[in-house]
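Reader: I am new to structural models, and I would like to learn how the words used to describe them are justified. Could we go through one together, with the reasoning spelled out?

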Amino acid sequence: MISPGSTTGSSRDSQARDTARHEIRDVTVSTSLRGDFAAAHLAGDQSAVLPTDSQKNTAYAFAKQHGLAAIETYGLDLARHFADPVDPVRCARIDIEEYGWQRAEVEGREHDHTWVRQGQEVRTTAVTVEGTGAHQRAWVVAGLKDLTLLKSTGSEFAGFLEDEFTTLAPAHDRVLATTLIAEWRYTTTEVEWDATYAGVKRLFIDRFAQVHSKALQQTLFEMGKAVLAAYPVIAEVRLAAPNKHHFDYDLDRFGIANHKEVFIAADRPYGLIQATVQRADAPAAGPAWTRGPA
């Protein structure tokens, strides 16, 4: 069900209850409609406004009628519905977050209708549809957030610019940790959504693990480059990663040697590293990255 409210809610695919073994998809859906709504703002005239209640009900209905095989497909169906027959909407954007659940194991067997929330990343997509009929165009951005990664070596940070306020010592063997946010823009809507998502995530983890990192910036570039090399249907990758610092804890004052075995994880301050890796011949992004009013 989608929880009551405005245009955001949590939905599960109710079509997967027709056998003893159930399936679930747990998502939060947000809808944003763009068009000429000046009269509503200037004069309180709501005659051209599709209420958020109607948008919410449409999201419920499409979850039942169209299912949730992949959040990108569901988002495209929903956005096309709002952009085509609904006046005066000229552009519809659908943002979706999907939360992972793992089937519970009971007495050595997977349970038919019980799950445990997975503590890894949240899958995301942002679908934008503009225009009507033969002139309608669509853009799909997929992504993930809250993917926490850590490696205990294979990372350094040295040779940086120093000034009179620099206290940071060069590090040639350090812990590298981050909580990754990543989004990638497709050039087409003809994509194996689930398989591509899984493959992109694998590449992020592989590059984080395998690349000897001289800086988190370099690691992000290698992640994006690997994705573009593997998937021609992806035009660009945007990544954001806080540098979750781990410092050797000072045990010398207690007469105890600490050979990079005990660390303190610093909460703040931290560096937020951002990078965009894009093909030289990438098509124009259009409204794909536009959030909010446009």
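Reader: What makes you careful about residues 1-15?

Author: This is a predicted model, and over residues 1-15 the pLDDT stays under 50. Since pLDDT is the predictor's confidence on a scale from 0 to 100, the predictor gives these residues a value under 50 on that scale. The model does have 54 contacts beyond four places in sequence for this stretch, but where pLDDT is low, the predicted coordinates should not be read in detail.

Reader: How do you know what the confidence is over the protein as a whole?

Author: The average pLDDT of the protein is 91, and 94% of the residues score at least 70.

Reader: Which helices and strands does the protein have, and how many?

Author: There are five helices and 12 strands. The C-alpha trace spans about 75 × 55 × 40 Å along the principal axes, and 41% of the 294 residues count as buried.

Reader: Why is Gly199 called buried or exposed?

Author: Gly199, which is found in helix 4 (residues 193-210), has a relative accessible area of 3%. Buried means under 20%, and the 3% of Gly199 is under that cut-off, so Gly199 is called buried. The C-alpha atom of Gly199 is separated by 9.2 Å from that of Tyr231, although the two residues are 32 apart along the chain.

Reader: Gln210 is found in helix 4 as well, so what makes Gln210 buried or exposed?

Author: The relative accessible area of Gln210 is 55%, and because exposed means over 50%, Gln210 counts as exposed. The C-alpha atoms of Gln210 and Gly154, which are 56 residues apart along the chain, are separated by 8.3 Å.

Reader: Why does Ala69 count as buried or exposed, and what does Ala69 touch?

Author: Ala69 is found in the loop between helix 2 (52-65) and helix 3, and with a relative accessible area of 61%, which is over 50%, Ala69 is called exposed. Being exposed does not leave Ala69 without contacts, for if residues up to four places away in sequence are not counted, Ala69 touches Arg25 and Asp194. Asp267, on the other hand, is 198 residues from Ala69 along the chain, and their C-alpha atoms are separated by 38 Å.

Reader: What makes a group of residues a nonpolar core, and which residues touch the most other members of the largest one?

Author: The members must be buried residues of certain nonpolar kinds, joined through side-chain atoms within 4.5 Å. The largest such core has 51 residues, and Tyr74, Leu180, Trp184, Phe204 and Ile234 touch the most other members. Helix 3 (residues 71-83) gives the most to this core, with seven residues. Tyr74 is in contact, neighbours within four places in sequence left aside, with residues including Val29, Phe62, Leu68 and Ile96. A second, separate core of six residues has among its members Trp139, Val141, Ala288 and Trp289.

Reader: How do you know which peptide bonds to call cis, as with Asp87 and Pro88?

Author: The angle omega gives the answer, and for the bond joining Asp87 and Pro88 omega is about 0 degrees. Pro88 is found in the loop between helix 3 and strand 3 (89-99). The peptide bond from Arg268 to Pro269 is also cis, with omega near 0 degrees, and Pro269 has its place in the loop between strand 11 (263-265) and strand 12 (272-278).

Reader: Why is the phi of Glu107 worth a remark?

Author: Most residues other than glycine have a negative phi, and most peptide bonds are trans. Glu107 is not a glycine, yet its phi is positive, near 55 degrees. Glu107 lies in the loop between strand 4 (101-106) and strand 5 (109-117), and because its relative accessibility is 80%, over the cut-off of 50%, Glu107 counts as exposed.

Reader: What makes Lys260 partly exposed?

Author: Lys260 has a relative accessible area of 42%, and because that value is neither under 20% nor over 50%, Lys260 is called partly exposed. Lys260 is found in the loop between strand 10 (246-248) and strand 11, and has a positive phi of about 55 degrees although it is not a glycine.

Key. Residues are numbered from 1 along each chain as its sequence is written. Side-chain values use heavy atoms; hydrogens and water are left out. Helices (H or I, at least four residues) and strands (E, at least two) are DSSP runs, numbered from the N terminus. Buried means under 20% relative accessible area, exposed over 50%, partly exposed in between (1.4 Å probe, protein chains only). Contact means heavy atoms within 4.5 Å.
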